[in-house]
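Me: I would like to learn how to read a structure feature by feature. Could you take me through one, giving the general idea and then the case at hand?

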Amino acid sequence: MNCISCGAKTSPGATTDVTDLRNCLIIVRNVPCYKCAECNEILYTGDVVRRLEKIVETSESSINDIAVIDYNNNKVA
């Protein structure tokens, strides 16, 4: 996969995704991604984006302040 910002090659890796909602902060660790070695851009596949959206959606209704969630240990459908 090539970087959408600079066109360089990306390599598989993992990152931390932070979503700041109006009532809480949701931090998801160990999110699979592709990282660009040239510009440090982070790219997600469509499947990862959909799963992150479900994790955030599910977590938002059950927390009040901050949640730190491990992507690999979260069992959303």
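Me: Is Asn30 buried, exposed or partly exposed, and what decides it?

Reply: Relative accessible area decides it: buried means under 20%, exposed over 50%, and partly exposed in between, with a 1.4 Å probe and protein chains only. Asn30 has 32% relative accessibility, so it counts as partly exposed. Before we go on, note that this is a predicted model, where local features need pLDDT of at least 70, side-chain atom pairs count only at pLDDT 80 or more, and totals for chains, interfaces and linings use all residues. Residues are numbered from 1 along each chain as its sequence is written, and side-chain values use heavy atoms, leaving out hydrogens and water.

Me: What should I look for in the backbone of Asn30?

Reply: Most residues other than glycine have a negative phi. Asn30, in strand E2, has a positive phi near 60°. Asn40 also has a positive phi, of about 65°. Asn40 lies in the loop between E2 and strand E3 (42-43) and is exposed, because its relative accessible area is 61%.

Me: How are helices and strands assigned, and what pattern does the chain follow?

Reply: They are DSSP runs numbered from the N terminus: helices are H or I with at least four residues, strands are E with at least two. Here there are 1 helix and 4 strands, in the order β-β-β-α-β along the sequence.

Me: Which residues does Val31 touch?

Reply: Contact means heavy atoms within 4.5 Å. Not counting residues up to four places away in sequence, Val31 touches Gly13, Ala14, Thr15, Asp17, Tyr44, Val48, Leu52 and Tyr71. Val31 is in strand E2 and is buried, with a relative accessible area of 0%. Its partner Thr15 sits in strand E1 (residues 10-20) and, at 17% relative accessibility, counts as buried too.

Me: Which residues make up the largest nonpolar core?

Reply: A nonpolar core is a set of buried Ala, Val, Leu, Ile, Met, Phe, Trp, Tyr and Cys residues joined through side-chain atoms within 4.5 Å. The largest one has 12 residues: Cys24, Ile26, Val28, Val31, Val48, Leu52, Ile55, Val56, Ile63, Ala67, Ile69 and Tyr71. Strand E2 (25-36), helix H1 (46-60) and strand E4 (66-70) each supply at least two of them, and H1 gives the most, with 4 residues.

Me: How do I read the buried side of H1, and which residues are buried there?

Reply: An α-helix has 3.6 residues a turn, so residues three or four places apart point the same way. In H1, the buried residues are Val48, Leu52, Ile55, Val56 and Ser59. Seen down the axis, they fall within an arc of 95° (taken from the directions from the helix axis to the C-beta atoms), so they line one face of the helix. These buried residues pack against E1, E2 and E4, while the face turned away carries the exposed residues Asp47 and Glu57.

Me: Where does the charged end of Arg51 sit?

Reply: A charge sits over a ring if NZ of Lys or CZ of Arg is within 6 Å of the ring centre and within 35 degrees of the ring normal. The charged end of Arg51 sits over the ring of Tyr71, 4.3 Å from its centre. Tyr71 is one of the core residues and is also in contact with Val31.
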